[in-house]
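Work through the exercises below with the structure at hand. Each task is followed by a solution in steps.

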Amino acid sequence: MKLESPFAQRPTPGVLAVFGELGATVDAIAALKRSGHQGFTVYSPLARHELEEALAQPVSPVRAYTLIGGIAGCSIGAWITLYMSYDWPIQVGGKPIGSIPPYVVIMFEMTVLFGALTTLLGVIFNTIMAARQRGTIAYDPRFTNDKFGIFVPAEHTDAGPVEKLLKGCGAEEVRRG
Amino acid sequence: MTTHTTTRAQTPTHHTLSYDDVTRTIARTLGSPGRGYYVLLACAVTMLGIGVICLLYLFRYGLGLAGYSMPTYWAVYITCFVFWVGIAHSGTLISAILFLFRSGWRTAVYRVAEIMTVFAVMTAGLFPLIHIGRQWFFYWLVPYPNERGLWPNFKSPLVWDEFAIGTYFTVSTCFLIMGLIPDIAAIRDVATGWRKKLYTLTALGWRGTNEQWRHYRPAYLYLAALATPLVLSVHSVVSWDFAMSQVPAWHETLFAPYFVAGAIYSGCAMVITLLIPLRAFFQLEELVTLHHFENLAKLILLTGMIVCYAYVTEYFFAWYGGPTPEREAFWYRAFGRFWWAGWTMNVCNAFLPWLLWSKRIRTNLVALFVISIFVNLGMWMERFVIIAVHLAGEPFESYVRAGYNATWADWGIMLGSFGWFFMWFLLFVKNFPAVSVAEVKEELPPPEHAGRHR
Amino acid sequence: MSDGMNRRRFLTVLGATGGGAALLGACGVGEEQAQKLIPYLTQPEDQVPGIATWYATTCRECPSGCGVRAKVREGRVIKLEGNPDAQVGRGHLCARGQAALEGVYNPDRVTDPLARNAQGQFEKISWTDALARFGANLKGANGHLAILTGQESGSFGDLVDELAKSLGGRHVVYEPFAFEALREGNRLAFGTTAVPSYDFARASYILSFGADFLDTWLSPVDHQTAFARAHGFAAGNPAMAKLVFVGPRMSLTGMNADEWLAPVPGTEGRLALAVASVIVRDRLASAQPDVGRLSGLLGRHTPDAVAAVCGIDAKTIERVARELAAGDGLVVAGGMAAHYPNGAEIVAAVNVLNYVTGAVGKTVQFGPNQNVEAGTFGQMAELVADMAGGRISVLVVTGTNPGHSLGGAFWQAWAKVGTKVVISPYLDETASAADLVLPELHPLEQWNDSRPRAGVWALQQPVMQPVYATARAAGDVLLAAAGKPGSFKDYLQTSWHAVHGRLGHGTSFDDFWNDALAKGGVASAASVEKVRLAAGVERILAGPPDAPALDGGAHDPVLIAFPSPTLYDGRGANKPWLQELPDPVSKIMWHSWVEVHPDTATSWGVTDGDLVVLQSPFGAVSAPVWMTPAIRPGVLAVPTGQGHTAFGRYAKDRSFNAFDLLGGAANGYAGRTFTVRVSVKTTGDHRFLATNVGDPRELGGGEEIVRSLTYAKAKALKPGDRPFRAREYPVYADSAEAGWAVAQRTEAARGNYAGHQPRWAMAIDLARCTGCSACVTACYAENNLPTVGEDLVLRRRQISWMRIERYWREDDHGLQAVVTPMLCQQCEQAPCEPVCPVFAAYHTPDGLNGQVYNRCVGTRYCANNCAYKVRYFNWFNFAERGGEWEAWPAPLDWQLNPDVTVREKGVMEKCTFCVQRIRGAQNQARLEDRTVQDGEITPACAQSCPSEAIVFGDLHDPASRVAQVSADPRGYHVFEELNTRPGITYLARVVHAEEA
Amino acid sequence: MTHGSTRVAAGIALLVCVAVPLAAQGGQPTPAVTAPVISDTGSLKGPRQPIFFRHDVHAGQSHIPCLYCHYSATVSSEPGIPSLQTCGGCHFIVGGSTPTHQAEIKKVRELTSSNHAPEWVRIHTLPAFVHFPHMRHIKALGTESCNRCHGEVREMPQVYQVAPLTMGWCINCHLQRQVTRDCVVCHY
């Protein structure tokens, strides 16, 4: 697909299996793991806990972004309010120049704002990186609709057993990519 | 978790649907629009045009063109501001809070709610700029380093407001985009022509790989976790615009929860108002079912009861607390020059929701639609009463109490705001999935062959 | 502004000064500036750019002739204040006097001589041409000449007399509200037509029969100052005078009365005699010579007999008599009481009462007489008759506008006059109907003098170059036209040589003259003369008619036409300040009204704003109803002043002209009758009253704003008492609150706020405030407040930093009107400040609520949060040249104070405690290396207040006057429970009322 | 004796002492500058004035103190523009050395005789909502401090604006000198 050029990757040889059933996909994943395959890619049109359980991937770093963003936002909120108050002290309503209670509101809003922004940027960054990872060349539009898929990177020599394994697990179709 | 899934699968809603049906149904809504759509869009743009013209007059000659009069220094514009901010609340509530509560029915409706949220905040944000006396200096409210070395006053609720609305708009937008990414990808893979190009770019390369899902899922969760307190805070801050002052009937500790409840109340009503026609228009009956509307109705009922309680409390404490100005204010709300506004608000917001105790009404779309309209009206009127009426009925300085009459400038710009909102809404629903694709699928039983289930 | 009109000097004014800034700043957005600097050719010796020069002169807005100090900046007079050196006014000036400024700069002045051409249209002609024609007219008149002027007690009057005599014509003086009844009444009682001066300051009990001595009667400003001395409550002052007002309508004076008696119109005389009879009967006062003569006749007027007639019960009459005789009584009659057909008798009866109480010679002093003797309505009526009879071929009018105050008969007569020449600054009704109009200088631009009172010679000098160089002084015009040599100034100085001769005490004339100029005049004590009862006084005692026969249907309600306290007889109507000054009683602006008692109104089925047609034998008007408890049921009252058919954009076609209802014939005492019976027709129509009174409050109103004490309670107060102290937290919380407050202050005292600072504050004594509203106009003048016009007033968008609030209190002592000035309270913990997002509203180190116009973005949150509602918003650009809402059409913008920013559209504004005056004083003190002294700073309102009710100063200086006054036990803060700590302390009003 | 005549007399007096170089040097803080001969006036900074009045000649070369003409700056918020009569005070006698000077001085005399004031182009302008009391600043900074805001006018053949006269610029000076920054000191 030419239009994918912004996200084009170098080709990786391998086997792409299309599954119609969730269960079969889960079995295939298990089987691949058993036969010692690493770094294969699973496509699914929706998030299914069965897949997550089967893949048992490490925890995403995104939460770190959120935390950092939140903390940064809060401190920025505190800083601008207090600094700006004391930079040019102006009395209003007989209140202290820098009075914390009203500033808490600003701090809170900044926390959420920065937290949310870093999260979004973080996840977009990560997913795009993911999209650029090896093995994601072979793709089938049905994967965002109603089919699950597994792509196993494999040289032509040892593609055979993989195809058999996937077939065995109930892949609806298997092709070399 | 498994049991959870099965119970969800057993919900009476989409047991006949397959993943493919979902994708197709939603993709269908993005087809090339018919005449009806263009008529609606034209109406919206015209309304917007009227608003813009009024606005230009306002800039040229000054706020005097609007109906303001001493002591009614705030009126229709701020009313509209609070109204739209209120509308904006159900969106994030449904998408964030219900997400955290794992209530499955949200998936079919949350996208509409989120779209509404984003555009409502966009609309609301305009009013503070419109209503100030020297609109061309609005940026002085923003803390930016300037030659004069001046900063805004962070003790002013208006500055909190600016931060709250700004944050809320940004976060809701993030949330919307987050939810959209997999769906756009899904549409991309079935779309053709220029739309395909559009979706290919906007899908940001989503393919639903395990890597992407791995980051996506927690990120969505954290956003929800951030958005939830935000929803509650935003309208609290808006309510503090009033509660922080010493105007009787504004100066109430009750205001924050009272406003938040009111906001969700009006928000859900607006969702219904928008969803019922949209559902018919896009033939989404299979995805958006009575079940969803009933749940929305229940939300309205709940928040409506809270609002009702708040009204009663206000009157009770005006009487029980006893300061003359306070009593003065509420006497004025009920029997003053603007009694009609006060009673419209009471009837629409405090009495009408009681109807929803009956399941027959909750599941009757016509009834729901009518009620939702009245709830919107009532909530607009509530803000009008709190803002314009309680200012007009100045309870401290009895000498300046005076009437208030809105003018064409008020109504024109209010009309424009509706045009603005509906223009964006219409443009969006025809070009991006108005119902979540991926998440609706989560509510369906995964495809299995009989006998292979384990 | 006609183009060539000394443009050079206009620019001079502009360029050489920052005044130019404010001035051009007025043309739209505040940033605009003078782009050309035009220097003086010759530096005027007494003018330093940026520094005001003060000239003493005399006010000519009404016949009382108060002394005025004109503040001149860069050649423009920008403010008028009372002249402390003057005998009349004594440093104070009423609203009308201050508004003279808008007379000079009025945009509708006549700029060139106008002559009526063949088509009957005016066309501009040259002065030479005009003078030629005028001179020819005068010569051609051969005797059939009349010169009509207003009250001219000085040299101009003399000049006119001489000219008229030399030309074989006559000089007629016409004042719509002259004092014929007073003069005739005095003649009847004492055999002299002199009008004595009344010593209100000395009186301990004042009984006023209709005399509006605080609004328009004789010399209101003087009266008010004196009245405040007598009636004001000073701690430890044993005597506080009591004022009883007798009259069917409660005027401004009535509003300040401790007791209001509303008798049947026209029976005031009987009432006076009844009071006198009680005094004589019970020998309450030391017997005066030849009172014996009266006792018998007085016997007829027993309280019971009179009570039936005038509807005041006998007990009250007896009580009043006893109270009156108890101390230094003063009884005055005037106003409406002197406007009945039997006004003279009423005045005479009152004189008898004064005589009986022994007031004559004490509080009523013949000798220093009020100089109001020239001219009667009778003479005017004669003139009209002669005009109608074609016996007048040339009529010259100056300084008066009969066309407005005289009805159809006058106009018919007018048509019969060959040539009508009007010398006037404005195209008023008379001028616009004239054949030849000669532009006159405004009194502030020309020489003259006046003798308001025996022993007082007041000088009037030009305080600035004429706004229109093409206008000329009436005196000069007359002299030139009559072919007499010299200018009027020469004539004036000649006549002053006589004064010099009497009071010069050997000084050279120039010194004497310059001294008089500097002081605004000279004075010599006039000795008090003794008067005895006149021979014919019995005729009075034989009894004035119970109630006079009035024109109109016998059963129709009586209507009283009274002079408006703001527009007077209508001469104020072309001044927006006065048009937008709420009437002290009705609080209505920009239009006229008819006062109806609520009972009467309900019986007619009308309410506020309903238009009714009032039909008198002489004319009909359609008037909006104003329901007020302050009038006797069944009686109607209308103010004069509105309903002009010419007289410029501000006056023309406003509401109705009350004079249309009045007859043109002189009555028994050669005066005019201002009461008439009218039939009332209700029309379906309605208009909204342009007022600043708010909707009524369901749960009462104003109590916490205006506090009252009875005289006894007030006397009982000891220093340190705080009867009105409100507390919003329990006693045990005091220490905590104190500690907290201290913490707050220390936290807030940083940067500019550190160290010792003044705390500008104000104390307002409501026992002295009369609600006369002089302060309001002073504020308009000082602070460049725009007048917004009737439409915006109806939308409640008036911008009046200082408003006088008027509430009615109905209690067992009858109806009470209470007033209070409401202005920014300059709170220490101001609600308006914290809510401003941009620090436009903030607290200054010297304790003011700063309002930074150029920072304000106009969120208006501050106004919402202000419990006193004293913040005002610029809804439009009131300074836009030619804009729909332009408040200062040229040359009105010349009156703008260069020291005060002209506010832009979309910004909030409010009272600043005249911060420009504070800064001025601080700058001066700094130049002289000293600190600002107490009393050095006086805000405009405090300066103008004729009752000296307002004290201003630094609260942090315990020695300052304001600190001491604020400590008065009567002191209280409005809405003290809000803990805003206002800078303004009100002192509760004190009322004479029998303790329950 | 009026201001006018005072000025004429003072003008002559000053003229005399200026004529004496030593006296002229006396008490002048700045070294004597000789104003350049300007051939091309078009290249000069600042707007063109109706009369080519050279501050560098008057204030610089002849050492006439600023306050001689702008006398009200010490007592008033306004520095004032000298009246033509003030010019006349000296140019009653001084006719100018070079033809160009003579031409300009002739203008002054003509304007005076024809009762027309020259319309100087305003250079230093503050918005109407700012109140700048000249006398306070001269009191604080001394009578020679004009150049702090107006630049070295003594060396300007044609005056132009040196300082930006913006609020930040004012505030900085107030901060350095630790004088008040209170808004309502200048804005009212």
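**Exercise 1.** In this predicted model, find what joins the side chains of Arg134(B) and Glu904(C).

Solution. Step 1: locate the nitrogen of Arg134(B) and the oxygen of Glu904(C), which lie 2.6 Å apart. Step 2: compare this distance with the cut-off for a salt bridge, which is 4 Å. Step 3: the pair of Arg134(B) and Glu904(C) is therefore a salt bridge. Step 4: place the pair in its setting; the rule finds five salt bridges across the interface of chain C and chain B.

**Exercise 2.** Describe the side of chain C that touches chain B by its elements and its residue classes.

Solution. Step 1: list the elements of chain C that give two or more residues to this side, namely β30 (803-811), α29 (861-865) and β34 (871-873). Step 2: pick out β30(C), which supplies the largest share with five residues. Step 3: sort the residues of this side of chain C into 30 nonpolar, twelve polar and 19 charged.

**Exercise 3.** State how many residues and how much area are involved between chain C and chain B.

Solution. Step 1: count the residues in contact, 61 of chain C with 61 of chain B. Step 2: take the area buried between the two chains, about 5000 Å². Step 3: note that carbon and sulfur atoms give 54% of that area. Step 4: add the polar contacts, which link 35 residue pairs between chain C and chain B, both residues at pLDDT 80 or more.

**Exercise 4.** Find how far apart the domains of chain A lie.

Solution. Step 1: mark domain 1 (10-51 + 137-176) and domain 2 (62-123) of chain A. Step 2: take the C-alpha centres of domain 1 and domain 2 of chain A, which are 47 Å apart.

Terms used:
Residues numbered from 1 in each chain as written. Chains lettered and ligands numbered in written order. Predicted model: local features only at pLDDT ≥ 70, side-chain atom pairs only at ≥ 80, totals over all residues. Heavy atoms only, no water. Contact = heavy atoms within 4.5 Å. Buried area = accessible area lost by both parts, 1.4 Å probe. Polar contact = N/O pair within 3.5 Å; in protein donor to acceptor, adjacent residues only side chain to side chain. Helix = DSSP H or I, 4+ residues; strand = E, 2+ residues; numbered from the N terminus. Nonpolar A, V, L, I, M, F, W, Y, C, P; charged D, E, K, R; others polar. Domains from an automatic or database assignment.
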